[in-house]
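Here is a short report for a reader new to this structure. Look over the sequence and the model first, then read on.

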Amino acid sequence: MQTAIVTLFPELFAVFLDTSFVKRARETNRLGVHLEQLREHGLGRHRSVDDTPYGGGSGMVMRPDCVVAAMEAAECAIGGRAVRVLLTPQGEPFRQSVAEELSAQERLLLVCGRYEGFDERVRLFVDREVSLGDFVLTGGEVAAMAIIEACVRLLPDVLGNAVSSVEESFSAAWGGGLEYPQFTRPPEFRGHGVPEVLVSGNHARIAAWRREQATERTAARRPDLERRNPGVGRS
Ligand code: SAM
């Protein structure tokens, strides 16, 4: 999967790209990341990429000519047209299903905003708009990292044997619902034990308990997921 990120702050990605399985995915060529410095497409002596809003108002708006030029340069750098994703609080909420769709793409372009956001015409040049959630960040960079991390986990052979993306919250294994509670050693911690079934060695009972727990947990914590997936956790 080849990704490109249009950003005014490429340095924010340095540690992220060089850590854990994102690093491994890059080293094994499962993930390519190109950082396109938006400033290089800015105008004038100060390489400005923003301007005052037509009609007045506070803050600055990102110019469409600079942003689209950066998008096109980023695509050149990763070998061609990508699925273009604008990061904006006004986009569709980012979910596991969106991660699954994006991780299946050969090329992905993430466009990070700053200031008051993008000139509306930028929207005509992207394929989808994605929001990390119903809150406002200062820029799209944290959202881009979240999306890359969620997508990379889904790429074949990235996680290895120790971790699996198959049986996790929001995955098909739980009908899109939440995962069951997990326990590890010690068997007793400050007076709190471990459910007896998990140390019974009876795999059929353990599997049934986990399905039941996943269903109950989803209903209690995320009834909205249950409505979206009526069969949640009951497979
Ligand atoms: N004025 C915009 C609005 O009210 O919709 C918010 C602009 S925000 C301060 C600046 C940039 O941060 C946005 O262009 C976007 O790229 C990014 N951003 C902020 N919140 C985000 C969110 N929830 N999801 C994804 N990106 C976000």
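R47 sits in the loop that runs between β2 (32–37) and β3 (50–51). The model is a predicted one. The phi angle of R47 is near 50°, a positive value in a residue other than glycine. R47 is partly exposed, and its relative accessible area is 40%.

S20 also deserves a look. Its phi is near 55°, again a positive value in a residue that is not glycine. S20 belongs to helix α2, which covers residues 20–27. This serine is partly exposed, with a relative accessible area of 44%.

**A cis peptide bond**

Another backbone feature involves a proline. R185 and P186 are joined by a cis peptide bond, with omega at about 5°. P186 is in the loop between α5 (141–152) and α6 (203–221).

**Helix α5**

The helix before that loop can be checked for length. α5 has 12 residues, and at 1.5 Å a residue they should span 16 Å. The end C-alpha atoms of α5 are 16 Å apart, which agrees with that expectation.

How many of the 12 residues of α5 are buried? Nine are, so the helix is largely enclosed by the rest of the structure. The buried residues include E141 at the start of the list, then A143, A144 and M145. I147, I148, A150, C151 and V152 are buried as well.

**Cysteines**

C151 leads to the next topic. A disulfide is a covalent bond between the sulfur atoms of two cysteines. How many disulfides does a search of the whole structure find? The search finds zero.

Two cysteines show why. For C151, the closest cysteine sulfur is in C112, and the 14 Å between the two sulfurs is too far for a bond. For C66, the closest cysteine sulfur is also in C112, at 16 Å, again too far for a bond. The cut-off for a disulfide is a pair of sulfur atoms within 2.5 Å.

Are these two cysteines buried or exposed? C66 is buried, with a relative accessible area of 1%. C151 is buried too, and its relative accessible area is 1%.

**The ligand and its shell**

Now turn to the ligand. It is surrounded by 21 residues. The closest are L87, Q90, G113, E116 and F135. Three of these residues have N or O atoms paired with ligand atoms, as the table lists.

| Residue | Protein atom | Ligand atom | Distance |
|---|---|---|---|
| L87 | backbone N or O | oxygen | 2.6 Å |
| Q90 | side-chain N or O | oxygen | 2.8 Å |
| E116 | backbone N or O | nitrogen | 2.9 Å |

On its own, the ligand has 580 Å² of accessible area, and the protein covers 85% of it.

Which strands each supply at least two residues of the shell around the ligand? They are β5 (83–93) and β7 (128–131). β5 gives the most to this shell, with four residues.

The shell can also be sorted by class. It has 10 nonpolar residues, nine polar ones and two charged ones.

Conventions:
Residues numbered from 1 in each chain as written. Predicted model: local features only at pLDDT ≥ 70, side-chain atom pairs only at ≥ 80, totals over all residues. Heavy atoms only, no water. Buried < 20%, exposed > 50% of the residue type's maximum accessible area, 1.4 Å probe, protein only. Near = heavy atom within 4 Å. Polar contact = N/O pair within 3.5 Å; in protein donor to acceptor, adjacent residues only side chain to side chain. Areas by Shrake-Rupley, 256 points an atom, 1.4 Å probe, with all protein chains shown as cover. Nonpolar A, V, L, I, M, F, W, Y, C, P; charged D, E, K, R; others polar. Expected span 1.5 Å × (residues − 1).
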